[in-house]
Amino acid sequence: MTGYYFFNMTSYLPLLVLLLSFSLEANCQCVVSKDQYGQVVTTCEVYKSASNTEPSHKQEAYLGSPYLTYPAWQKGKVRIEAGGKEIACELAYDVVANEVLCRFDDKPAIVRLAPYSFTLDGLEYTRQLSKLPGLFSKRYTTVLYEGPTRLTKSISRRLVPTLTTNGYDKSSYFYGYYQSQETYYLQQGEALPEVTQLDQASLLSLLPRPASPIAVNSPTKQLAAQAAIRLLMAYDSVMALSNRDKPPLSTDAVFNQLLRKELSYPNQAWLAGVYGRVYVGFTVDAQGQLSDLVTLSPANVGYGLDGAVKQALRQSVLLKPAYQGTYVLPVSFTFDHTQDDRGAYIPVNVLSPDRYVDRVLLTEHVVPIRVAKPGPQIREVWGYYK
């Protein structure tokens, strides 16, 4: 069975000009099939034209296909809006253009859609809006693990226009090949999904630290999808126990993502070899607005530790109105360097409870720094009360 599709080759021409030394505008009809070696091949009948010349015809073949499946057309379903009814159609997913194509029984023409979700080959793909600077970019992801932590995957493909052989018959060549890429996303609650790699270090770096360690053979070794899922299941189990006694705001995924993304170790502190713990108080009003930032721990002028915490909290979006109240957030800045095998320097000073009376004490957030060469003296800072 073969699949037919039409596209404009203009977007691929700049690279083709460099590799194949011609300049043209072309339209073509393409057929996706399998060759004698069982490889998926896209064969295009290209009709080219250039100034002062007659239209010409050429056949070009590419290894692979722009479609997710072979054959390209499969029985599927689309859901136009969230919560809407699923509609059956013959469906093809173009992962190069990120387009969903449908052929309905009552409509002979091919319909291009941007549905909320679609089901193809037994898997459901959901449109994910990822906020990028100045725009929103849509992609479709399928769920690998659905728990308090969510792991999803998207598949993209691009045409690489370079002369290549099929690996079997060196006398024949292709004008290019379709290269696939899998991208993984991690998401907690209502926080934004974030790109991740499938290894322990990458996965856990995007999540609040668990109360107890989670063992994996190698923190940087690439994990198979099932191993990554087992890791996340273990993480969710540990966090379910850990979160039972935490204030609700400390378990909020959006708030934790804000702290992790916006809070960093001040340059002046780590250059001076300084580490320490600070306590910053704030208020959440009935609309979920965060305000009234105040340093409750002793001032450490010149190192910017409490200033870094306040600056991060100022970036907060609206929180849930249910969090209305007054809080104190402890933040521990820990210092480590590669020339010391004793491990990280962890602050020991803590704020007396009478200094934050009537405030809800949140779970401590840790901001680590690891440097190659420490300063002349590593020390904890804890100033004096005003």
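User: What does buried mean here, and is Ser316 buried or exposed?
Analyst: Buried means under 20% relative accessible area, exposed over 50%, and partly exposed in between, with a 1.4 Å probe and protein chains only. The model is predicted: local features need pLDDT of at least 70, side-chain atom pairs count only at pLDDT 80 or more, and totals for chains, interfaces and linings use all residues. Residues are numbered from 1 along each chain as its sequence is written, and side-chain values use heavy atoms, leaving out hydrogens and water. Because its relative accessibility is 16%, Ser316 counts as buried.

User: Which residues does Ser316 touch, not counting residues up to four places away in sequence?
Analyst: Ser316 sits in the loop between helix 6 and strand 17; helices (H or I, at least four residues) and strands (E, at least two) are DSSP runs numbered from the N terminus. Contact means heavy atoms within 4.5 Å. By that rule, Ser316 touches Leu258 and Leu290.

User: Which element gives the most to the largest nonpolar core?
Analyst: A nonpolar core is a set of buried Ala, Val, Leu, Ile, Met, Phe, Trp, Tyr and Cys residues joined through side-chain atoms within 4.5 Å. The largest has 33 residues, and Phe255, Phe282, Val309, Leu313 and Phe333 touch the most other members. Elements giving two or more residues to this core include helix 4 and helix 6. The most, six residues, comes from strand 15.

User: How many residues are in the second, separate core?
Analyst: This core includes Leu198, Leu203, Ile229 and Leu231. Its residue total is 15.
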